[in-house]
Amino acid sequence: TKYRSWGPEKIHLSSMDALPSDYRLFAASTAHYTEDETADSHGDAHGGTGSHHRRLNKANLSQESAAFEELLKLVPALGELADKIHGGEAYRAAGDSAAQAISASLALPSAQPGFMAPGFKVQGVAWPSLFEPRHLVCGPRADSPIIALTPRGVGALVRMMSSQTADSAEQKLHAEPFALEGLGEWGPLAGAARTQHGLQLLTTMGKLLHCSGHEAPASGVWPCQESQHPPLPMPTGSELVSAAFAEDASAASTNLLVALVFKNMPEIAALYRAVAGSWHPAGEVHVPPGSGPQPSLGFDGVENLLVTGAAGEVHRRHLAGGTHALHPAPAGASAREFRSACVLPEGQIIRLALRQMDTSAPSRPELILSA
C-alpha cells in the first residue's frame, strides 16, 4: 500500500487494542455560559423561562398594554364617528332604476345610538296629511307653541303641555295648520327662529323675512315681509344649505347673530354678528362629519349653537368657551330620519323626525322627547 506521507504509525483502527492517549473518535464541544445564562438554563430545565425570555415577555406585555390604552382613548371618537356614518342618506337620480336605489339604501349601515344613549318617547300629535316638515322652532316661554315648517312655508302649531311627563307624552295633541305668505319669491327656507317680535325666517337665497306675532292668525295665513335687519353677507351666486338666527333678549336691536352653512362649504357654519348696521364675521363652527347633506342649525340663546345630524345626534357648541357637548341619538330610534331639534324653555331637547311605517305609505312627522 502506498501511504505517501501517512505512515502506518498514523493509521489507527477502532478494533485495535492499543490506541494513543490523545486519540478520540469524537469529542463534543464544551459550551461556556455566564452566570446569568447559567441561571436561565437552570430555569429552562425546570420548565421556566430564562431572563431573556422573561425580558421579551415583559416587553411584549408592555407593548400590548400601551396599545390597549391607546385603543381605549379612541373608543369615544370611534363610537361618535360610527354613529355619524350610520346617519348617511341615499339618493336616487333621474336615471337610476328602483333596484339601484334599493341596493344603495341597503348598502348603507343603519343608524345606531351612541353608547349609553337615553331612551325616547314620541309625543302623540294629530298632524295634517302629507305634511313633511324640516324645521322645528321652540318658543321662548313655556306656553309658546312649537312650530314645524316645511321648506316651502307650510306649517303647523303644536301646543305642548307645560310639563312633559310620561302621561303628557302619551296624550295626543292637535296640530294647527297654517301657511306663510310672502315666502315664495325668495326661495325655500334654510332656517327659522322665534324672537321677541315674531317669527324670523332665513331663505336659501340669503333673504331675511319677518312674520309679526307669536303665532299664525285665526285665518291660517301668516303674512311675512322683508326684515329691517341688514342683508345677509351672501357672495354672488352662493346658496345656503342651513341657517340659524338669534337675538339677545336683553338687547334685541344691538345683539343679532346668524349661523350660515353655504352649499359650497358644507363643513363650516360661518358666524356673523350685526354691528353698526352690517354683518361682521364672528367665528366659525365645524359641522361634524356624517351630519348628512342638510344638517339643522339652531341657537340655544346666543351662547350655544345646536347642530342636528340625520341620525338624531345633537352637537352643542358653546361659542364663547369653545366647549362641545354631544347629545347622542335616542336609543332605538334608528328607523327615523331626523330633521331638526330645538330646546324647550325648561331646557329639554325635542327632536323632529320623519318615519315611514309602510313602504306604500307617506312619511309621518314625529316629535321625540328624551325619556
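1. Two strands are taken to pair if DSSP finds at least two bridges between them. The structure under comment is a predicted model, and the points below concern a run of three strands and the disulfides of the chain.

2. Strand β18, residues 314-318, meets that criterion with strand β19, residues 324-327: four bridges join the two, and they run antiparallel. Within this pairing, Arg-317 has His-324 of β19 as its bridge partner. The two strands form a hairpin with five residues between them, in which Gly-322 adopts a positive phi near 75°.

3. Strand β18 also pairs with β17, residues 304-308, again in the antiparallel sense, here over five bridges. Arg-317 recurs in this pairing, where Leu-305 stands opposite it. Arg-317 of β18 is thus placed against Leu-305 and is also bridged to His-324 in β19. The connection of β17 and β18 is a hairpin with five residues between the strands, and the turn contains Gly-312, whose phi is positive at about 105°.

4. As to solvent exposure, β18 is mostly covered, since four of its five residues are buried, where buried denotes a relative accessible area under 20%.

5. How many disulfides does the chain contain? The count comes to two, on the rule that the paired cysteine sulfur atoms lie within 2.5 Å. Numbering the bonded cysteines along the chain, the pattern is 1-4, 2-3.

6. One disulfide joins Cys-138 to Cys-342, with an S to S distance of 1.9 Å. This link is right-handed, with 60° about the S-S bond. Cys-138 lies in the loop between β3 (135-137) and β4 (146-149), and Cys-342 lies in strand β20 (residues 337-343), so the pair ties together parts that are 204 residues apart in sequence. Cys-138 is buried, with a relative accessible area of 11%, and Cys-342 is buried with a value of 8%.

7. The other disulfide joins Cys-211 to Cys-224, with an S to S distance of 1.9 Å. The angle about its S-S bond is 100°, and the link is right-handed. Cys-211 belongs to strand β9 (residues 208-212), while Cys-224 sits in the loop between β10 (221-223) and β11 (225-226); the pair therefore ties together parts that are 13 residues apart in sequence. Cys-211 is buried, with a relative accessible area of 0%, and Cys-224 is buried with a value of 10%.

Note on methods:
Residues numbered from 1 in each chain as written. Predicted model: local features only at pLDDT ≥ 70, side-chain atom pairs only at ≥ 80, totals over all residues. Heavy atoms only, no water. Buried < 20%, exposed > 50% of the residue type's maximum accessible area, 1.4 Å probe, protein only.
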